[in-house]
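Colleague: I'd like a close look at the cysteines in this one, and then a walk through whatever else stands out. Could you take me through it?

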Amino acid sequence: MSKLMFAMLATGLLAYQQASAQVHDTAGARRQVQLVDQYCADCHNTTDRVGGLALDEVDLLDPAAHARRMEMMVKKLRAGMMPPVGEARPSADQYEALSAWLETSLDSAAADQIDPGRPALYRLNRVEYANAIRDLLALDIDVEAILPPDNSSHGFDNIADVLNVSPALLEGYLAAADRVSAFAIGDPDIAREEAVYQSGGMRRSQDEAVEGLPLGTRGGLRIEHTFPLDGVYEFDTHFLGNTVDALRGLQHEHDFEITVDGQRVKLVTIGGMADFANMMLSWKENRDAVEQRARLRLPVTAGPHVITASFVMKTDALENDQLMPFEMAYYDPVFAGGVPGVDSVIIRGPFNGKAPAASTPSRDVIFSCQPDAMSEEACAGQIIGRLARRAFRRPVDDADVGSLMTFYHAGRERKGTFDGGIQFALRRILASPEFLFRIERDPEDIAPGQPFALTDIELASRLSFFLWSTIPDDALLTVAEREQLREPHELHAQVSRMLADPRSSALVENFAAQWLHLRKLESVAPDLVAFPNFDENLRDAFRRETTLFVDSIFRENRSVLELLTGDYTFLNERLARHYGVDGVYGSDFRRVAVHQQARRGLLGHGSILTVTSYPHRTSPVVRGKWVLENLLSAPVPTPPDNVPALDENAEDSIDRQTLRERLMRHRDDPACAGCHNVMDPIGLALETFDGIGAWREKDDAGNPIDASGQLASGAPVNGPIQLREALLSHPETFVGSFTEKLLTYAIGRGVEYYDMPTVRHIVNAARADDYRFATLVLEIVSSPAFQMKRADQRSPVRAVSLAPVND
């Protein structure tokens with residue numbers, strides 16, 4: 001690689017040297033070393049080695065020579081965690097000067113020696129695989145049903161090091177290729193299947209309208225289902241019952257309807273005196289009879305359709321058997337009153353299936369030509385070449401197409417149709433390593449361990465999987481094929497275009513959902529006695545609020561600081577009632593101004609507050625740890641195995657200690673104090689929110705909430721407002737943490753000590769634009785860590801091969 005290219009790629013790092021004169025100021029450097037000796041050396045020495053750090057083993061006048069340890073020191077300083085609580089600390093000016101001197105020394109050295117790191121071989125994870133199928137074939141698949149879950153590392157499931165390949169996974173990919181190709185083409189030999197769609201059961205209220213379902217209905221399910229063939233399909237609805245299988249709500253008549261693409265195809269009445277009497281005689285026979293009445297067989301054309309199953313809304317009057325119901329749709333296990341609800345819908349078929357007579361979205365994408373307009377061979381070559389280019393994310397040559405044409409010929413012979421030949425070639429494409437892996441090859445003439453620039457084609461894949469979690473579209477691939485993508489104005493234009501595209505919602509669904517632990521919301525199970533108003537509707541509302549809020553920050557290109565300070569959120573009636581907000585009605589979410597200061601930003605979201613709580617109570621420790629690790633990038637060590645759990649109050653205890661008092665007693669153990677002195681004050685500042693994010697003035701025992709404390713930096717806090725102000729007193733710390741997380745997700749590997757100068761450069765560059773999201777993204781994709789790679793120390797990358805797809 002030319003020196004000119006290295007110079008161009010290093011241009012972005014030259015800003016690191018703007019304060020480098022301080023590094024060579026020997027007197028100034030010695031002042032910083034004296035400061036370290038005064039405040040740090042008593043603990044961090046070869047004898048004590050607190051935190052595994054011995055500063056007397058390093059040359060502090062040359063921090064860059066010990067970059068790994070110095071970056072750890074910078075991280076602790078910027079988070080305000082050192083010196084620890086109770087120890088003497090330098091003045092604020094001295095503290096800032098020391099941090100800046102270390103950073104400047106490290107950044108200046110990094111500008112002279114680029115290390116972009118070396119991720120392992122990327123495999124598409126499940127989400128990326130499903131999105132790639134969607135964009136390649138216009139086909140939505142249930143990827144969880146055909147591929148095993150992915151491992152996670154550094155908080156994300158797209159980290160190359162842990163995306164391993166096992167024999168079971170290879171079999172899954174081969175089976176998926178067979179299934180997907182058959183569905184996309186519309187193979188008439190597709191076997192009859194059933195798909196089960198669940199509503200969420202007894203803990204999801206169906207008393208009110210559900211977003212996305214027809215007006216004038218309540219409860220039920222909205223299903224987006226792709227039918228593989230023209231044929232007859234069966235819709236089998238199961239209704240909610242109690243533990244003895246008795247259906248609920250049969251004491252009155254209720255009209256149940258099924259619609260397909262907005263057209264009512266079934267209307268049946270369930271309940272009333274006859275059904276209620278039969279239920280009293282035989283619960284099981286009654287259930288079978290009612291559900292048989294709601295069953296439907298219907299001819300449906302191939303392709304995607306929207307099905308709804310719901311009840312016609314009758315009245316807003318409360319049932320007289322529950323005059324003061326909880327918000328949660330919780331019923332006694334044997335309760336059979338209330339109103340009926342949909343438990344699940346099973347779609348079976350096809351019966352008498354036939355190849356699609358009309359076009360489907362998948363066939364429209366695949367069949368760019370028809371053999372009646374040209375020779376079969378020429379048409380097949382055109383279709384296969386175009387699909388392979390998109391799937392392999394690179395230009396394809398005659399050899400590529402010729403190899404795939406052998407599968408076309410085999411399928412044409414076996415199936416006896418042109419479509420069958422295309423199906424076999426498509427199956428081979430989907431099982432190819434070129435599709436399943438993101439291969440970035442080392443140049444042949446590169447020395448081991450040396451950095452090199454990715455090709456424009458490889459850069460296009462990195463960019464697309466970063467912003468969209470899917471393959472590049474034709475526009476991006478075309479620019480890359482012309483070798484224009486790396487040009488700054490073109491890269492800026494493509495990033496702007498891609499962020500404006502709906503597919504950029506992947507940054508919220510995949511990056512933000514993992515960064516903020518929203519995916520854990522699926523598995524939390526608050527105790528029904530402690531939190532009787534929690535149900536599936538509230539769980540859904542929590543997730544939707546945070547998703548819409550983060551999406552608005554990203555899509556409107558707001559400052560990422562608004563993630564903590566945003567004075568608006570998104571609510572529906574259910575969530576508004578939970579937060580005590582008036583004037584919000586209906587199941588639809590809408591943008592609402594947040595007037596309660598403590599509720600602003602992510603720290604006031606029920607989703608965050610719930611995933612950082614225990615089932616039966618809040619957890620200041622978990623909340624403090626979440627803030628440190630996710631907002632400040634200050635990891636907390638794993639506690640020793642012999643540390644006892646926090647004592648809980650006995651149910652019949654007369655002298656019930658507050659949570660703060662129990663935590664103070666826990667911190668009396670020196671083995672616990674070091675970490676808990678940092679975590680606990682953060683979590684205690686959020687104690688005015690209960691375990692599911694509702695505001696409270698008193699704890700579970702009726703004691704007034706004491707949310708005061710002192711952070712590790714020495715800053716006093718009392719409640720969520722002051723905590724937020726303390727976190728933003730040095731905004732570059734939060735923005736730096738956000739950038740670390742986003743860079744990790746972007747490059748598919750953990751951020752290492754040698755990446756920290758890049759992170760600081762990105763933050764510094766974004767400061768002039770108020771840390772706007774798009775600016776951070778553009779700086780990331782322009783960085784050496786994103787555009788370059790370190791050559792293998794041992795041998796060049798070789799293509800990964802899968803077992804061949806047999807005819």
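Colleague: To start, how far is the sulfur of Cys40 from the closest cysteine sulfur, and why is there no bond?

Modeller: Keep in mind that this is a predicted model. The cysteine sulfur closest to that of Cys40 belongs to Cys43, and at 8.7 Å it is too far away for a bond. Cys43 is in no disulfide either, since its own nearest cysteine sulfur is the one in Cys40, 8.7 Å away. The surroundings of the two can be told apart by accessibility. Cys40 has a relative accessibility of 15%, so it counts as buried. Cys43, at 32%, counts as partly exposed. The cut-off behind that is simple: buried means under 20% relative accessible area.

Now for the cysteines that do bond. The structure holds one disulfide, and the pair is Cys369 with Cys379, S to S 2.1 Å. Cys369 sits in the loop between α9 (361–366) and α10 (376–392), while Cys379 is in helix α10, ten residues apart from its partner. The torsion about the S-S bond is about 115°, and therefore this disulfide is right-handed. Both ends are shielded: Cys369 is buried with a relative accessible area of 9%, and Cys379 counts as buried at 0% relative accessibility.

Next, two polar side chains that are worth a stop. Arg462 lies in helix α14, residues 456–467. With a relative accessibility of 0%, Arg462 counts as buried. What does its side chain do in there? A polar atom of the Arg462 side chain lies 2.8 Å from the backbone oxygen of Phe786. Phe786 has plenty of company around that arginine. Once neighbours within four places in sequence are left aside, Arg462 is in contact with Ala785, Phe786, Gln787, Met788 and Lys789, among others. Its contacts also include Pro119, Tyr122, Arg438, Glu440, Leu454 and Ile747.

The other one is Ser552, found in helix α18, which spans residues 536–555. Ser552 counts as buried too, at 4% relative accessibility. Its side chain makes a polar contact of 2.6 Å with the side chain of Tyr568. Not counting residues up to four places away in sequence, Ser552 touches Arg558 and Phe570 as well as Tyr568. Leu563 is a useful marker for the chain here: Leu563 and Ser552 are eleven residues apart in sequence, with their C-alpha atoms 9.9 Å apart in space.

On to the strands. Try β9 (residues 342–354) as a landmark, with β2 (residues 193–198) pairing to it in the antiparallel sense over six bridges. Within that pairing, Val196 stands opposite Ile346 in β9. Strand β4 (residues 230–239) also pairs with β9, again in the antiparallel sense, over eight bridges. There, Thr237 has Val345 in β9 as its bridge partner.

Then there's an open sheet of four strands, ordered β3-β8-β5-β6 with antiparallel pairing. Its edge strands are β3 (217–227) and β6 (263–270), each of which pairs on one side only. From one strand to the next, the twist averages 15°. Inside this sheet, five bridges join β5 (residues 254–260) to β8 (residues 303–312), and the two run antiparallel. If you want a residue pair to look for, Phe256 stands opposite Phe311 in β8. Helix α8 (residues 283–294) lies across β5 and β6, and runs at about 155° to β6.

Last stop, a helix pair. Two packed helices are described by the angle between their axes and the distance between the axes. For helix α3 (residues 67–78) and helix α27 (residues 756–767), the axes come within 11 Å and cross at roughly 40°. That angle makes α3 oblique to α27. To find the meeting place on screen, look for Glu71, Val74 and Lys75 in α3, which meet Met756, Pro757 and Arg760 in α27.

So, back to your opening question: the sulfurs of Cys40 and Cys43 are 8.7 Å apart, too far for a bond, whereas the sulfurs of Cys369 and Cys379 are joined in a disulfide at 2.1 Å.

Methods:
Residues are numbered from 1 along each chain as its sequence is written. This is a predicted model: local features need pLDDT of at least 70, side-chain atom pairs count only at pLDDT 80 or more; totals for chains, interfaces and linings use all residues. Side-chain values use heavy atoms; hydrogens and water are left out. Buried means under 20% relative accessible area, exposed over 50%, partly exposed in between (1.4 Å probe, protein chains only). Contact means heavy atoms within 4.5 Å. A polar contact is a pair of N or O atoms within 3.5 Å; within protein, one must be able to donate a hydrogen and the other to accept it, and residues adjacent in sequence count only if both atoms are side-chain atoms. Two strands pair if DSSP finds at least two bridges between them. Axes are lines fitted to C-alpha atoms, for helices over the stretch in contact, and angles run from 0 to 180 degrees between N-to-C directions. A disulfide is a pair of cysteine sulfur atoms within 2.5 Å. Angles under 35 degrees count as roughly parallel, over 145 as roughly antiparallel, 65 to 115 as roughly perpendicular and the rest as oblique.
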